[in-house]
Amino acid sequence: MPSLSQDLRERIAEVRRRIAEAAQRAGRDPETITLVAVSKTVDDTSVLSAWHEGLMDFGENRVQEASTKIPLLVSKGCTARWHLIGHLQSNKAKRAMEIFDIVQSVDDLELARRLNRLSEERAARLPVFLEVNLGEEQSKSGFEASWLKAQASELAALDHLRICGLMIIPPYLEDAEQVRPYFRHARDLMAELNREQRFSSPLTDLSMGMSHDFEVAIEEGATLVRVGTAIFGPRSRLG
Ligand SMILES: *Cc1c(COP(=O)(O)O)cnc(C)c1O
């Protein structure tokens, strides 16, 4: 019987191999793609093993769960970078900033302003992604593309945020090919925002692609992929 960590090691190697192959198909350097291991619902021991396998970036979607897990891992010497990838309620923004390094799920202007204010109090500059709602999605959260094109200056004015790029959560479609247009749309939107210099410095990152569609996302320009089940196995409860 292979040990748990051996399974984990093999799955991580497999995901890395698939990332490298997708990058090659697209003529991209695999080194430009960051694998964010989505560790929601995963216990700290497994996260620590994944970190020992060389994974440096982890994603959590709930502040409450992360609030105990991250400090526990830090106390065990784990120096990973933590990405918040789930909706952030404003009353949890302060706590989120204490434990996360990056907030990928900035989904409205009020939240962006609050994070900017909190970041200013800490004399910091918080790396964030703007979550974009590309329409036809089950989840209604995120900026509308048209709003971003017209009102980006409101976000660009927030000096204590470093806006790295865009994040999307497309609908779950069994056939990953059907998700491709969403990935392409996100890439085109980022290019357009950059062409029109909507932000003080160009956006560079696209966070898109999950376990079943990250290869297509990489072909369309993802610089971060958020992969949970392909690394840690199926989750016992919905994350
Ligand atoms: C859970 C989750 C993922 C990872 O999903 P998998 O299908 O397990 O890879 C990625 N992004 C977000 C926002 C998530 O909530």
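Two strands pair if DSSP finds at least two bridges between them. With that in hand, let's walk through this predicted model, starting with a central topic, strand E5, and then turning to the ligand.

**Strand E5 and its partners**

Strand E5 covers residues 126–133, and 8 of its 8 residues are buried. Which way do the side chains point? Leu126, Val128, Leu130 and Val132 face one way from E5, while Pro127, Phe129, Glu131 and Asn133 face the other way. In a regular strand the side chains alternate between the two faces of the sheet. On E5, both sets are buried, and the charged residue Glu131 is among them.

E5 pairs with three strands, listed here with one bridge for each.

| Partner of E5 | Sense and bridges | A bridge pair |
|---|---|---|
| E4 (residues 102–106) | parallel, 2 bridges | Val103 and Val128 |
| E6 (residues 143–144) | parallel, 2 bridges | Phe143 and Val132 |
| E7 (residues 161–167) | parallel, 6 bridges | Arg162 and Pro127 |

So how do you get from E4 to E5? Helix H5 (residues 109–121) joins the two strands in a β-α-β unit, and this unit is right-handed.**The ligand and its shell**

Now to the ligand. The residues around the ligand include Val38, Lys40 and Ile85, together with Ile169, Met210 and Ser211. Also in this group are Arg226, Val227, Gly228, Thr229 and Arg235. By character, the shell divides into 5 nonpolar, 3 polar and 3 charged residues.

Which residue has a side-chain N or O atom 2.5 Å from an oxygen atom of the ligand? That residue is Ser211. Gly228 contributes a polar backbone atom, which is 2.8 Å from an oxygen atom of the ligand. Thr229 also takes part through its backbone, with an N or O atom 2.9 Å from an oxygen atom of the ligand. The protein covers 89% of the 400 Å² of accessible area that the ligand has on its own.

**A look at Glu65**

One more residue deserves a visit. Glu65 is found in helix H3, which runs over residues 63–75. Is Glu65 buried or exposed? Its relative accessible area is 16%, and because buried means under 20%, Glu65 counts as buried. The side chain of Glu65 also makes a polar contact of 2.9 Å with the side chain of Lys69.

Definitions and conventions
Residues numbered from 1 in each chain as written. Predicted model: local features only at pLDDT ≥ 70, side-chain atom pairs only at ≥ 80, totals over all residues. Heavy atoms only, no water. Near = heavy atom within 4 Å. Polar contact = N/O pair within 3.5 Å; in protein donor to acceptor, adjacent residues only side chain to side chain. Areas by Shrake-Rupley, 256 points an atom, 1.4 Å probe, with all protein chains shown as cover. Helix = DSSP H or I, 4+ residues; strand = E, 2+ residues; numbered from the N terminus. Buried < 20%, exposed > 50% of the residue type's maximum accessible area, 1.4 Å probe, protein only. Right-handed = clockwise from strand over helix to strand, strands pointing away.
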